[in-house]
Amino acid sequence: MIMRSAALWCAVATVLALAGTGAAGPAEAAGHGGLRAVVERLTGPDGAPGALAEVDDRYGRRVATGGVADIRTGAPVDPRSRFRIGSLTKPFTATVVLQLVGEGRIRLDAPVERYLPGVVRGADNDGREITVRQLLQHTSGLPDVLDYLTPMDVLKDPLRHWEARDLVDIALPHPREFTPGEGWGYSNTNYLVAGMIIERVTGRPYGQEIRRRVLVPLGLHDTFVPSDAPGIPGPHPRGYVRPESDLVDVTRLNPTVGGAAGGMISSASDLNRFLGALLRGRLLRPAQLREMLRARPTGRASGSKYGLGLERLPAKDLPACGDGFWGHDGDMIGFSARTGATMDGRQATVMVNLNPGGGPTLDDAMDDALPMALCGR
């Protein structure tokens with residue numbers, strides 16, 4: 001357990017920022033209290049240095065921040081913060097693949113081999129037996145590169161450039177987890193391969209395709225596919241890991257290690273806008289959106305189901321979200337985030353500036369934070 005100084009804890013004051021239209025009603029006031037509770041728990045004992053929670057719904061935009069963005073200066077977390085979103089990159093990548101499906105340039109049930117001849121080979125992994133759909137739904141059986149490349153491995157050379165093929169080739173020599181289509185297993189390798197398919201089909205980097213197909217049309221000005229740039233532009237908290245007892249600043253990192261599976265930067269406002277627009281059909285044709293939301297059980301204790309780049313999550317006995325909501329988590333070195341949305345137009349995002357090293361207390365708080373922010377009273 002890390003011991004924080006008294007001066008630091010004096011700086012850990014919860015800050016509430018409100019933006020929206022119309023007069024505040026009882027539901028809004030209750031929502032603010034709920035967000036305060038969320039960030040206070042995330043930054044409590046054994047928690048993260050800083051946290052942010054934002055809800056967007058018919059009452060407007062509400063943001064709560066807690067803790068500090070920088071343990072050295074004690075600066076509070078900016079409500080407009082940008083941060084690394086890790087696997088929240090996957091819904092963006094899946095959206096572009098499904099747009100290309102709608103254009104007839106990719107077939108969901110075609111083998112990966114059609115688009116990347118000879119690329120997916122190694123041990124018993126074979127692109128001739130794996131479909132594009134199975135990549136997006138994590139039913140390919142491909143081993144996860146992060147089982148063989150740890151955060152500490154990355155931090156030995158945090159500014160190193162990684163090609164997607166480099167990362168995929170770390171995973172492929174290892175046996176598949178199951179026969180394609182006969183199980184479910186989360187694997188970042190799937191989305192690295194999906195990004196390579198986007199590039200082969202379009203002739204452009206996957207990040208350019210995300211920008212022109214998603215970011216520009218939606219006006220997501222805080223969202224970037226940063227390539228090799230190691231910094232985070234604009235207001236942002238420092239990102240930390242806790243390898244032992246002390247926090248270590250890992251803000252500067254070459255995001256190519258995440259690639260199409262986890263390399264993007266965004267803000268809570270942009271993530272909420274993106275997910276809301278996606279579920280309202282602004283980015284995909286109806287047939288492709290239906291495919292995205294055709295979810296299968298993951299086998300996780302939460303009872304979640306996974307579609308194509310989105311997860312269906314239970315509402316944890318919170319009736320405001322009915323039987324659940326759509327969302328995704330995103331863990332990258334230095335940051336952890338969760339985003340979710342309901343079909344009736346509510347979106348929420350929570351973020352902490354610590355990963356890995358939070359321990360079970362923070363893990364439990366993060367598991368509860370998104371449902372409480374999105375579905376709480």
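Me: In which hand does H3 pass H10 in their crossing?

Reply: Bearing in mind that this is a predicted model, one can read the crossing of H3 past H10 as left-handed. The axes of H3 and helix H10, which spans residues 268–279, come within 11 Å and cross at roughly 35°.

Me: Which residues in H3 and H10 meet, and how do the residues of that contact divide into nonpolar, polar and charged?

Reply: On the H3 side the meeting residues are Pro91, Phe92 and Thr95, and on the H10 side they are Leu271, Phe274 and Leu278. By character, the contact of H3 with H10 divides into five nonpolar residues, one polar and no charged.

Me: At what angle do H3 and H7 pack, and how far apart are their axes?

Reply: Helix H3, residues 89–102, packs against helix H7, residues 188–202, at an angle of about 40°, and their axes are 10 Å apart. That angle makes H3 oblique to H7, and the crossing of these two helices is left-handed. The contact is built from Lys90, Thr93, Ala94, Val96, Val97 and Leu100 of H3, facing Asn188, Tyr191, Ala194, Gly195, Ile198 and Thr202 of H7. Sorted by character, the residues of the contact of H3 with H7 comprise seven nonpolar, four polar and one charged.

Me: How should I describe H3 relative to H8, and at what angle do their axes cross?

Reply: The axes of H3 and H8 come within 10 Å and cross at roughly 90°, so H3 is described as roughly perpendicular to H8. Here Phe92, Thr93, Thr95, Val96, Gln99 and Leu100 in H3 meet Glu209, Ile210, Arg213, Val214 and Leu215 in H8. The residues of this contact of H3 with H8 fall into six nonpolar, three polar and two charged.

Me: Turning to covalent links, how many disulfides does the structure hold, and which cysteines form a disulfide?

Reply: In general, a disulfide is a covalent bond between the sulfur atoms of two cysteines. The structure holds one disulfide, formed by cysteine 321 and cysteine 375, whose sulfur atoms are 1.9 Å apart. The pair links distant parts of the chain, 54 residues apart, with cysteine 321 in the loop between strand E12 (311–313) and strand E13 (325–332) and cysteine 375 in helix H12 (residues 359–375).

Me: Why is the disulfide of cysteine 321 and cysteine 375 given a hand, and is cysteine 321 buried or exposed?

Reply: The torsion about the S-S bond of cysteine 321 and cysteine 375 is about -95°, and the disulfide is therefore left-handed. Cysteine 321 has 6% relative accessibility and so counts as buried, while cysteine 375, at 2% relative accessibility, also counts as buried.

Me: Staying with helix H12, which residues does leucine 362 touch, apart from those up to four places away in sequence?

Reply: Leucine 362, which is found in helix H12, touches Leu42, Asp46, Gly47, Ala48, Val352 and Leu354 once residues up to four places away in sequence are set aside. Because its relative accessibility is 4%, under the 20% cut-off, leucine 362 counts as buried. The C-alpha atoms of leucine 362 and proline 45 are separated by 9.0 Å, although these two residues are 317 residues apart along the chain.

Me: Is alanine 365 buried or exposed, and which residues does alanine 365 touch?

Reply: Alanine 365, which also lies in helix H12, has 3% relative accessibility and so counts as buried. Not counting residues up to four places away in sequence, alanine 365 touches Arg41 and Leu42. Its C-alpha atom is separated by 36 Å from that of isoleucine 130, the two residues being 235 residues apart along the chain.

Me: How should the backbone torsions be read, and what kind of peptide bond joins asparagine 355 and proline 356?

Reply: Most residues other than glycine have a negative phi, and most peptide bonds are trans. Asparagine 355 and proline 356 are joined by a cis peptide bond, with omega about -10°, and proline 356 lies in the loop between strand E15 (347–352) and H12.

Me: What is phi of alanine 123, and where is serine 227 placed?

Reply: Alanine 123 has a phi near 50°, a positive value in a residue other than glycine, and is placed in the loop between strand E5 (121–122) and strand E6 (125–126). With a relative accessible area of 56%, alanine 123 is exposed. Serine 227, although not a glycine, has a positive phi of about 55°, and its place is in the loop between helix H8 (206–218) and strand E7 (240–241). Serine 227 is partly exposed, with a relative accessible area of 46%.

Notes: Residues numbered from 1 in each chain as written. Predicted model: local features only at pLDDT ≥ 70, side-chain atom pairs only at ≥ 80, totals over all residues. Heavy atoms only, no water. Disulfide = S-S within 2.5 Å. Helix = DSSP H or I, 4+ residues; strand = E, 2+ residues; numbered from the N terminus. Buried < 20%, exposed > 50% of the residue type's maximum accessible area, 1.4 Å probe, protein only. Axes fitted to C-alpha atoms, helices over the stretch in contact; angles between N-to-C directions. Parallel < 35°, antiparallel > 145°, perpendicular 65-115°, else oblique. Left-handed = near helix turned anticlockwise from the far one by under 90°. Contact = heavy atoms within 4.5 Å. Nonpolar A, V, L, I, M, F, W, Y, C, P; charged D, E, K, R; others polar.
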